[in-house]
Amino acid sequence: MSPVTRYALTFPGTPGTQAPQDVVVVERTSAAGPGGHPVYEDASGIVRAEISEAGEVRMLATGGHQNPHVPVHAEPLP
């Protein structure tokens with residue numbers, strides 16, 4: 001099985017509102033995260049995540065004072 005090159009990360013909407021969930025597409029980079037798994041990022045480079053082969057997601061801060069939210073779902077894309 002070939003490695004996954006893209007994921008759709010689904011984040012919860014704003015708590016207490018009827019806001020829709022946010023979906024961000026991230027692509028694999030050449031970097032590895034602190035757990036040794038591949039790092040994926042969106043086109044802007046702001047959303048970065050380490051994703052294991054089992055689909056476990058660890059969000060990575062890309063700037064100071066950033067507190068990234070954990071997605072509720074990571075869906076592999078073709």
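**Figure 1. Six strands in a row along the chain.** Walk through this predicted model from the N terminus and you meet the elements β-β-β-β-β-β. So what is the tally of helices and strands? It comes to 0 helices and 6 strands. The radius of gyration is 13 Å, close to the 12 Å that the globule rule gives for 78 residues, so the protein is as compact as a globular protein of that length. Along its principal axes, the C-alpha trace spans about 40 × 30 × 20 Å. Buried residues account for 28% of the 78 residues. The accessible surface adds up to about 5200 Å², and 53% of that belongs to carbon and sulfur atoms. Now take the contacts between residues at least 6 apart in sequence: 31% of them join residues at least 24 apart.

**Figure 2. How the strands line up in the sheet.** Here the 6 strands sit side by side in an open sheet, with antiparallel pairing, and the order reads β5-β4-β3-β2-β1-β6. Which strands are at the edges? They are β5 (57-60) and β6 (73-77), and each of them pairs on one side only. Going from one strand to the next, the twist averages 35°.

**Figure 3. β4 and the strands it pairs with.** Start with β3 (residues 38-41) and β4 (residues 48-51): they run antiparallel and are joined by 3 bridges. One pair to look for is Y40 with its bridge partner A49 in β4. Then turn to β5, which runs antiparallel to β4 and is joined to it by 4 bridges. Here R48 has L60 of β5 as its bridge partner. The hairpin of β4 and β5 has 5 residues between the strands, and in it G55 takes a positive phi near 85°.

**Figure 4. A close look at E50.** This residue belongs to strand β4. Is E50 buried or exposed? With a relative accessible area of 2%, E50 falls under the 20% cut-off, so it counts as buried. A polar atom of the E50 side chain lies 2.9 Å from the backbone nitrogen of G35. Setting aside residues up to four places away in sequence, E50 touches a run of residues that includes G33, P34, G35, G36, H37, P38 and V39. E50 also touches E56, V57, R58 and L60.

**Figure 5. V57, a residue of β5.** Moving over to strand β5, we find V57. At 24% relative accessibility, V57 is partly exposed, because that label covers values between 20% and 50%. Which residues does V57 touch, if you don't count those up to four places away in sequence? They are L9, A49, E50, I51, P71 and A74. You can also trace the gap from V57 to V39: they are 18 residues apart in sequence, and their C-alpha atoms are 9.8 Å apart in space.

**Figure 6. P68 in a loop.** Where is P68? Look in the loop between β5 and β6. P68 is partly exposed, with a relative accessibility of 28%. Leave aside its neighbours within four places in sequence, and P68 is in contact with M59, L60 and A61. For a longer span, pick out A32: A32 and P68 are 36 residues apart along the chain, and 18 Å separates their C-alpha atoms.

Notes. Residues numbered from 1 in each chain as written. Predicted model: local features only at pLDDT ≥ 70, side-chain atom pairs only at ≥ 80, totals over all residues. Heavy atoms only, no water. Pairing = 2+ DSSP bridges. Helix = DSSP H or I, 4+ residues; strand = E, 2+ residues; numbered from the N terminus. Axes fitted to C-alpha atoms, helices over the stretch in contact; angles between N-to-C directions. Buried < 20%, exposed > 50% of the residue type's maximum accessible area, 1.4 Å probe, protein only. Polar contact = N/O pair within 3.5 Å; in protein donor to acceptor, adjacent residues only side chain to side chain. Contact = heavy atoms within 4.5 Å. Rg over C-alpha atoms; globule rule 2.2 N^0.38 Å. Areas by Shrake-Rupley, 256 points an atom, 1.4 Å probe, with all protein chains shown as cover.
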